[in-house]
Amino acid sequence: MQWETVIGLEIHAQLSTQSKIFSGSATTFGAEPNTQASLVDLGMPGTLPVLNAEAVRMACKFGLAIDAEIAEKNVFARKNYFYPDLPKGYQTSQMDHPIVGKGFLDITLEDGTTKRIGITRAHLEEDAGKSLHEDFHGMSGIDLNRAGTPLLEIVSEPDIRSAKEAVAYVKAMHSLVRYLGICDGNMAEGSLRCDCNVSVRPKGQAEFGTRAEIKNVNSFRFIEKAINHEVQRQIELIEDGGTVVQETRLYDPNKDETRSMRSKEEANDYRYFPCPDLLPVVIEQSFLDDIRASLPELPVQKRERFQREFGLSAYDADVLAASRELADYFEQVNATCGDAKLSANWVMGELSSLLNKDGLEIDQSPVSAVQLGGMILRIKDNTISGKIAKMVFEAMAAGEGSADEIIENKGLKQVTDSGAIEAMLDEVLAANAEQVEQYRASDEAKRGKMFGFFVGQAMKASKGKANPGQVNQLLKRKLEG
């Protein structure tokens, strides 16, 4: 039997506000446990929440970016459940009246095609604290620093049909929230977390299968692996005569498997009711108009402009536009040297390789965009060859100055004097007279292979400084003359 996978994702994006959603407590990551939890966060009697207006603004910004309906009136509710790291005994969230309604996000698939993924809703809520299970001698510790941190929960439609599509969607969402400046997207710190709702059904069947929810997956790689494992588990279970039960599961990356966390045969009754301490939030059109006017160029728009304005391929434009910081860096390199293709090649090639090797982000690059653009100018005006440029780039990364300074100090200027190159070639051919005779006595196919030998000897003799184009042209003329 052929099976079809059905996936819906819930992404929790931690909003980049300076304080929590209902209190003035800081949201800085990595603080000592319980040093950023106020009386409001602790749910102490007599305390009242005050809504953070910046969280509302960020949620609306997201809604406009996905072309969604923004609720003119949205309401906070209490989601009641008991857990040790939830001191109030309820989570303040939104249920029936979320701030962001239906929208969509377009994703690019591996074959270059575009697919539209529906977004059901996005709502504001507060995060819970964190239970710690290490070093407490059989007990658990509770850190409430995270309690009350503003979250935007983004719920997709079940439009995703494979693990790779799921990863493409999360990457596109990750890129979008970073472009908007509403979330830093740091998955390792929990700023962006994903719950994966996975089910399978016989191909062609309209009815959905029973889904399992994989909680809190925090990397692109683990999302793909967790979904693939869960799909295989469900198919094997059904084909062996079993039944998939609705439950919450966790992904164990060490064992590459999902395991049951808790049964969810029926939806939990959280006894939602409107929060009596918070008035409904009314969004005025002027508020939305101001936000719309401040929206940056979004990833899809930037990708299209890179192709249209700079003539980049769809692949190059997609890679460069995926990160706002990378796109800005590329544009500054191009503005300096005036060659978009060369700029893209160096940014995606040598620069990305350097950053990956040293574990650096683009804003930590030891080579500035102006420096790289200046080096590319020296390639364009034939001051240095592409091979020497790599040596110059390494020297710039080591902090040895600008391209011009390095070229001057190391004597790397390319030899373009035809007379000097001809004299050097004459010496090379004289030193390899036997190979010259063999070349001239050979057919066209064999000559092609032997020609590379002479080019290599010539570049070696010039210590890589001779202009490769001139070497090829003059060498061909001398060998066949």
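Here is a short walk through two loop residues and one helix pair in this predicted model.

**Stop one: Asp 67.** Select Asp 67 and look at the backbone. Its phi is near 55 degrees, a positive value in a residue other than glycine. To get your bearings, colour helix H1 (53–65) and strand S2 (73–74): Asp 67 sits in the loop between them. Now switch on a surface. Asp 67 has a relative accessible area of 54%, and since the cut-off for exposed is over 50%, Asp 67 counts as exposed.

**Stop two: Asp 256.** Next, jump to Asp 256, another non-glycine residue with a positive phi, about 50 degrees here. The loop to show this time runs between strand S12 (247–252) and strand S13 (257–263). With the surface still on, check Asp 256 again: a relative accessible area of 33% makes this residue partly exposed.

**Stop three: H5 and H7.** Hide the loops and select residues 299–310 for helix H5 and residues 324–337 for helix H7. Their axes come within 12 Å and cross at roughly 15 degrees. Angles under 35 degrees count as roughly parallel, so H5 is roughly parallel to H7. The crossing of H5 past H7 is left-handed.

Now show side chains, one helix at a time. Which residues make the contact?

- From H5, pick Lys 302, Arg 305, Phe 306 and Phe 310.
- From H7, pick Ala 327, Asp 328, Phe 330, Glu 331 and Asn 334.

Try colouring this set by residue class before you leave: the contact of H5 with H7 holds four nonpolar, one polar and four charged residues.

Methods:
Residues are numbered from 1 along each chain as its sequence is written. This is a predicted model: local features need pLDDT of at least 70, side-chain atom pairs count only at pLDDT 80 or more; totals for chains, interfaces and linings use all residues. Side-chain values use heavy atoms; hydrogens and water are left out. Helices (H or I, at least four residues) and strands (E, at least two) are DSSP runs, numbered from the N terminus. Buried means under 20% relative accessible area, exposed over 50%, partly exposed in between (1.4 Å probe, protein chains only). Axes are lines fitted to C-alpha atoms, for helices over the stretch in contact, and angles run from 0 to 180 degrees between N-to-C directions. Angles under 35 degrees count as roughly parallel, over 145 as roughly antiparallel, 65 to 115 as roughly perpendicular and the rest as oblique. A crossing is left-handed if the near helix is turned anticlockwise from the far one by less than a right angle, and right-handed if clockwise. Contact means heavy atoms within 4.5 Å. Ala, Val, Leu, Ile, Met, Phe, Trp, Tyr, Cys and Pro count as nonpolar, Asp, Glu, Lys and Arg as charged, and the others, Gly among them, as polar.
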